[in-house]
Amino acid sequence: MKNNIEKAYFLKLTRKILSWYDLHRRNLPWRETQEPYKIWISEIILQQTRVEQGWNHYVNFIRRFPTVKDLHEAEDDEVLLYWKGLGYYSRALNLHKASHQVIEEYNGNFPNTFAGLQQLKGVGKYTAAAIASICFGEAVPAIDGNFYRVFSRMLADDFDIASPKAYSYFYELIFPFVDKERPGDFNQAVMDLGSQVCKPKNPDCNNCPVNNECLAFGTDRVGELPVKKKKLKVETLDLHYYFVKHGNQFLIRQRDESFIWKKLYEFPAAIPEELYKDIVYEKMVQHKLTHKTLNITFSRVEVGNRDSFEEFISKGEYIAVDMDKSHEKSFPKPLEKIILEWG
């Protein structure tokens, strides 16, 4: 920093945040270990859900795949099945691919540096910093939404966190002051502070351990920060699916990895002309993804003729699945709801 006063201010913040963490840290299953595999799994899960929801997903995932070798030896379908309910299934596929890297390229050992961890599929700067600091003691800040919010408010800093330069800006600002003795605890302390006290809405400023040092609190600007100017561009897509059913079976196929819902199962997007007479009901639903709004039309097709059903299957693109075994496949959420409603 430019002068000793600023340096002393940062060091005071760090000490207070760590002292608060020592008293209020949450007892979480992934905090009982420094195994990079388990920290990695927890961080990817927590990118998608709150701790309360992620807890059981983590426990179930680790129970089934207790080591990176177990994950490496699994099939995509099973990994996706244990990811069900978390969404962003591409992250589960990246986990699986990264497990192959660890086993096949790193002889079963995780890279032990911030830079090295970013070579793994799906591991970005935040996840790499979390693993490097918690497991290997590297003093690097794990910058995520909590981090931006906490330090934007602490410093009354109106730098646009949606800017492509935001990561570099905050990294350079905070890097010198990450606690060298407890970098993992520092990062987890900021995470807990951001999720429990310095929340996006209704922050609990009166119980914040650094409210006396928080420049936004002192100038009544907490509600204005952090600044996020960029608006997300949302694309609208129209999809049509046919729920083709005969008896207790319906038709599905597995998606590829070229678009949304990678490797999940879906219904036919088109049917032979002769099956249009078997459409008995249609409904439209809207489903929102981060960058897309999906307008999905579902047509329920009740095929009375087994030969017509088998002929559709014989073309090789689709398979028939029993209704009572559909839970063994992973479907996008709107399709899963249709199965429950129409099955």
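# Rings, charges and hollows in a predicted model

Student: Which residues do ring pairs link into a cluster?
Tutor: The model is predicted. The cluster is held together by pairs of rings. Its members are Tyr 241, Phe 243, Phe 250, Tyr 265, Phe 267, Tyr 281, Phe 298, Phe 331 and Trp 342.

Student: How many aromatic pairs does a search of the whole structure find?
Tutor: Two rings pair if their centres lie within 6.5 Å. Searching the whole structure with that rule, the number of aromatic pairs is 29.

Student: Are the rings of Tyr 242 and Tyr 276 stacked or edge-to-face?
Tutor: A pair of aromatic rings is described by the distance of the centres and the angle of the planes. Here the ring centres of Tyr 242 and Tyr 276 are 6.1 Å apart and the planes stand at 80°. Planes over 60 degrees apart count as edge-to-face. Therefore the pair of Tyr 242 and Tyr 276 is edge-to-face.

Student: How many residues apart are Tyr 242 and Tyr 276 in the chain?
Tutor: Tyr 242 belongs to strand β1 (residues 235-246), and Tyr 276 sits in the loop between β3 (265-266) and β4. The pair thus links distant parts of the chain, and the separation is 34 residues.

Student: Is Tyr 242 buried or exposed?
Tutor: Buried means under 20% relative accessible area. Tyr 276 has 41%, so it counts as partly exposed. Tyr 242 has 6%, so it counts as buried.

Student: How many salt bridges are there?
Tutor: Side chains of opposite charge can pair when their charged atoms come close. The cut-off is a side-chain nitrogen of Lys or Arg within 4 Å of a carboxyl oxygen of Asp or Glu. By this rule the number of salt bridges is 21.

Student: Which residue meets Glu 213 in a salt bridge?
Tutor: The distance from N to O in this salt bridge of Glu 213 is 3.0 Å, and the partner is Lys 16. The two lie 197 residues apart, with Glu 213 in the loop between α11 (183-196) and α12 (215-218) and the partner in helix α1 (residues 4-24). Glu 213 is buried because its relative accessibility is 8%. At 27% the partner is partly exposed, and that partner is Lys 16.

Student: Which residue forms a salt bridge with Arg 26?
Tutor: The closest N and O atoms of Arg 26 and Asp 192 are 2.5 Å apart. Arg 26 lies in the loop between α1 and α2 (36-46), and Asp 192 lies 166 residues away in helix α11. Both residues are buried, Arg 26 and its partner Asp 192.

Student: Which residues are joined into one network by salt bridges that share partners?
Tutor: A salt bridge outside that list joins Glu 224 and Arg 221 at 3.2 Å, N to O. The network consists of Arg 253, Arg 255, Glu 266 and Glu 317.

Student: How many disulfides are there?
Tutor: A disulfide needs two cysteine sulfur atoms within 2.5 Å. The rule finds zero disulfides. For Cys 205, the nearest cysteine sulfur is that of Cys 214, 6.4 Å away. For Cys 214, the nearest is that of Cys 208 at 6.3 Å, and the count of disulfides is zero.

Student: What is the volume of the largest cavity?
Tutor: The structure holds three cavities of 30 Å³ or more. The lining of the largest includes Cys 205, Cys 208 and Cys 214, and it divides into nine nonpolar, one polar and two charged residues. The volume of this cavity is about 80 Å³.

Student: Which element gives the largest share of the lining of the largest pocket?
Tutor: The largest pocket has a volume of about 1,200 Å³. It is lined by 32 residues, with Gln 47, Asp 144, Gly 145, Asn 146 and Arg 149 nearest its centre. The lining divides into 11 nonpolar, nine polar and 12 charged residues. The largest share, five residues, comes from α9.

Student: Which elements give two or more residues to the lining of the second largest pocket?
Tutor: The second largest pocket has a volume of about 590 Å³. Of its 20 lining residues, Gly 87, Tyr 88, Tyr 89, Trp 261 and Leu 289 lie nearest its centre. The elements are α6 (89-105), β4 (279-288) and α14 (333-342).

Note on methods:
Residues are numbered from 1 along each chain as its sequence is written. This is a predicted model: local features need pLDDT of at least 70, side-chain atom pairs count only at pLDDT 80 or more; totals for chains, interfaces and linings use all residues. Side-chain values use heavy atoms; hydrogens and water are left out. On a 1 Å grid over the protein atoms alone, a cavity is a set of points where a 1.4 Å probe fits but cannot get out, and a pocket is an open set with protein on both sides within 12 Å along at least five of seven lines; lining residues have an atom within 4 Å of a point. Grid points are joined across faces, edges and corners, and a volume is the space filled by probe spheres set on the points. Ala, Val, Leu, Ile, Met, Phe, Trp, Tyr, Cys and Pro count as nonpolar, Asp, Glu, Lys and Arg as charged, and the others, Gly among them, as polar. Helices (H or I, at least four residues) and strands (E, at least two) are DSSP runs, numbered from the N terminus. Buried means under 20% relative accessible area, exposed over 50%, partly exposed in between (1.4 Å probe, protein chains only). Rings of Phe, Tyr and Trp (its six-membered ring) pair if their centres lie within 6.5 Å; planes under 30 degrees apart count as stacked, over 60 as edge-to-face and the rest as tilted.
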